[in-house]
Amino acid sequence: MTNLIIGAGLIGLTTALELLHRGQQVTLIDSGQSESMGASFANGGLLTPSMSDPWNTPGVHRHLADYLFGSNSALKVRWGAIPSLLSWGPRFLWNSRPSRYHAATVANYELGIYSLAVLDELRDRLALSFDAAGQGTLKFFRTSSALDAAMRVSGHLRDYGLEANQLSRDETVSLEPCLTPIADQLVGAIHYPQDQSGDALRFCQSLADRIRKLGGTFHFGRDVRAVKVRGGRAIGVDLGGDVLRADNVVVAAGTASPGLVGKLGVQLAIKPVKGYSITYAPTPGLRLPAIPVIDDAHHAAITPLGTRLRSVGTAEFAGRNLHLDRERLDNLTAFIKAIYPEIATPETLATGQPWAGLRPVAADGRPYIGAAGTPGLWINSGHGHLGWTLAAGSARLLADLMAGRPPEIPAKPYSIGR
Ligand SMILES: Cc1cc2nc3c(=O)[nH]c(=O)nc-3n(C[C@H](O)[C@H](O)[C@H](O)COP(=O)(O)OP(=O)(O)OC[C@H]3O[C@@H](n4cnc5c(N)ncnc54)[C@H](O)[C@@H]3O)c2cc1C
C-alpha cells in the first residue's frame, strides 16, 4: 500500500510511523521547510489526559462579553475573526451543553490515556529522546473555592481512571520546591500523576529521522492544492502542476484540513485558535522546577524541558494571523515572573524565544479520525489544545482503521460524520 500524508506535524508524523511499522510506503508533504513548523513547533509540551475537557465548558456563553472586550481575558475573540466564526461559533456554543461537554471530555480522556501508553511504548522501543518527564503535572490554586471546583471537575473522570490527588500548600511546595517564594499565595494544588511532558519539536525531529530510516520520504516546501479524486476514489494530491499518486491520502494538515476536504463535501468544523509560548534558557546554576505547573485561573502553564523552561498560554480567535502581539507576550512574561521570581532574572528573561501557533480546534472539542467517505481518503485532524497528548494514540487508531483491523479503543466518538 502507498500512502500520501498531507502535513508533517505531530499528527502526520505519528501516522506515518504507524503505517511504516505495518510495512506500508509513506510520503509526507508539507508546505513548511522541515517537519513540525506549524502548531507542533513550540507548544506547551504537556501530555495531559487530565486536561481532556474541551474549552466550551457549560456556561461559556456568559463570558462572551469578556472574550470580546477584555484585554486580559484568557480567551480573546478578535473582531476581525468574527465573520469566519459565523457557522462554527454557534456549534461551539451548542456543544457546551453538559451532556455534549461530558461526552467530549470522556472521549478525549480515553484517547489521551491510550495515547500515552502508545507514546511510552514508542519512546522505549525506538529510544526516542525529547526531554521527556514523567512526574505528572501540578495545577495550583489561590482560593479554596477554585480548588474545590477543579476537584469536582476531575471527579467526573475518576470513574474512567483519572488519578487526581489534592495537595495542601505544604505538600505542593514539597513536590515542587521552586514554588516556595509564592507559597503564601497558594491554598493548595492538584497533582495528576498520570500526566507527562516533553518537547514536541524534538519528538517530531526524532520521528522524522526514524521515518527516513524506515524508507519514508518527505516533500517539504510543497503546497497541496487539492486532493485528486477519480472514479469516486482518492488517487493522490495536486501540487499545483504535479500530481502525486497513492492508494491512500491522509489529511493531517491541522487548521488547513477543512479547506482541503471541504471541496469534496466533507465538512470539518475546525477553526484556528492562536496561542503563545516563550521558551527560556535560565542561567546555569539556578535551581529549576522539575514538574510542569498549571495556573488554572490564568489558563497558563510553565513546563520544564530539559535545561529550558517554557511559559505558555492564551487562546485567541484571530483568524490565521501569526503576528506576535506584545500585550499577550507581556502577559506570559509577567506570569513566569510571578510564579518563579527567583528564576525569572533579567538574564533569564533576555533568553526568551517567543512563538505563536494555531491550535486546530473542533467545535465539539474532539478530533476527527477516520474514513472521510470517499474511498482512499482519511482524516486525522482537529486535536485542539490536546494535539501532543493525543497524537500517538490517534495515529494508531487511524492505522488500525485503514488496515480494516478492530482498533484497541472505540473509534466512533472521533468518526468524521459523528
Ligand atoms: C500555544 C500552544 C500550546 C499548546 N500546548 C499543547 C500542550 O501543552 N499539549 C498538547 O497536547 N497540545 C498542545 N497544543 C496543541 C498541539 O500543539 C496541536 O494540537 C498539534 O500541534 C496539532 O498538530 P497537527 O499535526 O494537527 O498540526 P500542525 O503541527 O499545524 O501540522 C500541520 C502541518 O500541515 C501543513 N500543511 C497545511 N496545509 C498544507 C497544504 N495545503 N499542503 C502541504 N502542507 C500543509 C502545515 O505546514 C503544518 O506543518 C498547543 C498548541 C499551541 C498553539
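Helices here are DSSP runs of H or I with at least four residues, numbered from the N terminus. The model is a predicted one, and what follows looks at its open and closed spaces and then at its nonpolar cores.

Helix 3 is a handy place to start. This helix gives 5 residues to the lining of the second largest pocket, the largest share. Helix 3 covers 88-94, and at least two lining residues each also come from helix 2 (64-69) and strand 4 (75-77). The pocket itself holds about 300 Å³. Its lining runs to 15 residues, with L64, V77, L85, G89 and L93 sitting closest to the centre. As for character, the lining is made up of 14 nonpolar residues and 1 polar one, with no charged residue in the mix.

Next come the enclosed spaces. Rolling a probe the size of a water molecule over the atoms shows where empty space is left. Searching the whole structure turns up 2 cavities of 30 Å³ or more. The largest of them takes in about 110 Å³. Around this cavity are 16 lining residues, and those nearest its centre are V361, G365, R366, G384 and H385. By type, the lining of the largest cavity splits into 8 nonpolar, 7 polar and 1 charged.

The second largest cavity comes in at about 30 Å³. Its walls are formed by A81, S84, L85, K271, P272, F317, A318 and G319. That makes 5 nonpolar, 2 polar and 1 charged residue in the lining. L85 is a name to remember: this residue lines the second largest cavity, and L85 is also among the residues closest to the centre of the second largest pocket.

Then there is the packing. In soluble globular proteins, nonpolar side chains tend to be buried together. In this model the largest nonpolar core has 45 residues, and the ones touching the most other members are I5, L13, L28, F203, I211 and W388. Two or more residues of this core come from each of helix 1 (10-21), strand 2 (25-30), helix 4 (98-126), helix 7 (200-213) and helix 11 (387-403).

L28 gives a close-up of that core. Setting aside neighbours within four places in sequence, L28 is in contact with I5, G7, A8, G12, L13, A16, I211, T217, F218 and H219. A separate core of 36 residues lies apart from the largest one, and its members include L85, F92, A246 and I379. So L85 turns up again, this time as a member of a buried nonpolar set.

Definitions and conventions
Residues are numbered from 1 along each chain as its sequence is written. This is a predicted model: local features need pLDDT of at least 70, side-chain atom pairs count only at pLDDT 80 or more; totals for chains, interfaces and linings use all residues. Side-chain values use heavy atoms; hydrogens and water are left out. On a 1 Å grid over the protein atoms alone, a cavity is a set of points where a 1.4 Å probe fits but cannot get out, and a pocket is an open set with protein on both sides within 12 Å along at least five of seven lines; lining residues have an atom within 4 Å of a point. Grid points are joined across faces, edges and corners, and a volume is the space filled by probe spheres set on the points. Ala, Val, Leu, Ile, Met, Phe, Trp, Tyr, Cys and Pro count as nonpolar, Asp, Glu, Lys and Arg as charged, and the others, Gly among them, as polar. A nonpolar core is a set of buried Ala, Val, Leu, Ile, Met, Phe, Trp, Tyr and Cys residues joined through side-chain atoms within 4.5 Å. Buried means under 20% relative accessible area, exposed over 50%, partly exposed in between (1.4 Å probe, protein chains only). Contact means heavy atoms within 4.5 Å.
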